[in-house]
Amino acid sequence: MIRLLLVDDHPMVLKGLRLFLQTREDMEIIGEASNGSEAVAKVEELNPDVVLMDLMMPGMDGIEATRRIKESQPKVKVMVLTSFADQDHVLPAIRAGAEGYQLKEIEADELAHTIRAACNGRTQLHPQAAGLLVHQFASATPGPVGAEEVESLTPREREVMKELTAGKSNKEIAAELVIAEKTVKTHVSSILSKLGLADRTQAAIYAIKRGWFS
């Protein structure tokens, strides 16, 4: 069972989420919260698997709540569920530690799928949110790289990492770095394996959270 905590300041939204999520055989709603402070306290009390987090709430907002939850309970997965997909919300939410970002217009079955994916450590982003990440990296300049990354990735792998998180294909990366496409594929596989990531979207989020690009 996936144990869920629902966080939203609108009672009707909570009611709607509860109605279709409680019918899922593999999901259990263990609590609800109407603001960020309450969400942080509920996570400490209930230790859910996944938190569905609204962003715009009175008092502590969802971004700050996400940051505090990930600091105190890093194994808890936070998936943002909001009406906003602009740069002022997407990037801070990802930096705060959110594993996923979806809009409230999402269909019920797709929401259930993204919850399962988040619980299993797979990144799920709304296309608008993913597009913002690609734009962020496409125009980014290299930032400081932590010691952990220096030790785990080769200089060439870090070059490939920057290009793939800018949304470039293997063919485009090969042309940019003047190497064979097969070599790029090998580097990408090595990067994901070393960093414990499942896909390129996770690579972008990984880099953002660690300030690789600014």
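1. Confidence. pLDDT is the predictor's confidence in each residue, on a scale from 0 to 100. The structure discussed here is a predicted model, and its protein chain has a mean pLDDT of 86, with 88% of the residues reaching 70 or more. Confidence peaks in strand β1 (residues 2-7), where the mean is 98, and is lowest in helix α7 (residues 147-152), where the mean is 60. Any reading of α7 should be weighed against that value of 60.

2. Overall composition. The protein chain contains 11 helices and 6 strands. It has 214 residues, of which 46% count as buried. Its accessible surface comes to about 10,200 Å², and carbon and sulfur atoms account for 51% of that area. Of the contacts between residues at least 6 apart in sequence, 66% join residues at least 24 apart.

3. The annotated aspartate. The unreviewed UniProt entry lists Asp54 under "modified residue: 4-aspartylphosphate". In the model, Asp54 is placed in the loop between β3 (50-53) and α3 (62-72). Is this residue buried or exposed? Asp54 has a relative accessibility of 4% and therefore counts as buried, the cut-off being under 20%. Beyond its neighbours within four places in sequence, Asp54 is in contact with Val7, Asp8, Asp9, Gly62, Leu81, Thr82 and Lys104. The contact list of Asp54 thus includes two further aspartates, Asp8 and Asp9, and one lysine, Lys104.

4. The largest nonpolar core. In soluble globular proteins, nonpolar side chains tend to be buried together. The largest nonpolar core of this model has 17 residues, and those touching the most other members are Val80, Val90, Ile94, Tyr101 and Leu125. At least two residues of this core come from each of α4 (87-96), β5 (100-103), α6 (127-138) and α11 (200-209). Helix α4 provides the largest share, with 5 residues. A separate core of 16 residues lies apart from this one, and includes Leu153, Val188, Leu195 and Ala203.

5. Val80 and its surroundings. Val80 is one of the core residues that touch the most other members. Leaving aside neighbours within four places in sequence, Val80 is in contact with Met53, Leu55, Ala93, Ala98, Gly100, Tyr101 and Gln102. Tyr101, in this contact list, is likewise named among the core residues with the most contacts to other members.

6. A buried glutamine in β5. Gln102 belongs to strand β5. With a relative accessible area of 5%, Gln102 falls under the 20% cut-off and is therefore buried. Outside its neighbours within four places in sequence, Gln102 is in contact with Met79, Val80, Leu81, Thr82, Thr114, Gln124, Leu125 and His126. Leu81 and Thr82, both in this list, are also in contact with Asp54.

7. A buried glutamine in α11. Gln202 lies in helix α11. Its relative accessibility is 7%, so Gln202 counts as buried. Which residues does Gln202 contact, leaving aside its neighbours within four places in sequence? They are Gly121, Arg122, Thr123, Gly196 and Leu197. Gln202 and Thr165 are separated by 37 residues in sequence, while their C-alpha atoms are 9.0 Å apart in space.

8. The two sides of α9. In helix α9 (residues 170-177), the buried residues are Asn170, Ile173, Ala174 and Leu177. These four lie on the same side of α9 because they cover an arc of only 100 degrees around the axis. Lys171 and Ala175, on the other side of α9, are exposed.

9. Positive phi values. Most residues other than glycine have a negative phi. Which value does phi take at Val178, just after α9? Val178 has a positive phi of about 60 degrees. This residue is found in the loop between α9 and α10 (181-195), and its relative accessible area of 74% is over the 50% cut-off, so Val178 is exposed. Asn47 also is not a glycine and has a positive phi of about 50 degrees. Asn47 lies in the loop between α2 (36-46) and β3. With a relative accessible area of 42%, Asn47 falls between the 20% and 50% cut-offs and is therefore partly exposed.

Methods:
Residues are numbered from 1 along each chain as its sequence is written. This is a predicted model: local features need pLDDT of at least 70, side-chain atom pairs count only at pLDDT 80 or more; totals for chains, interfaces and linings use all residues. Side-chain values use heavy atoms; hydrogens and water are left out. UniProt positions are given in the numbering used here, feature names are shortened, and annotations may be inferred rather than shown by experiment. Buried means under 20% relative accessible area, exposed over 50%, partly exposed in between (1.4 Å probe, protein chains only). Contact means heavy atoms within 4.5 Å. A nonpolar core is a set of buried Ala, Val, Leu, Ile, Met, Phe, Trp, Tyr and Cys residues joined through side-chain atoms within 4.5 Å. The arc is that of the directions from the helix axis to the C-beta atoms. Accessible areas come from the Shrake-Rupley method with a 1.4 Å probe; for residues, only the protein chains shown count as cover.
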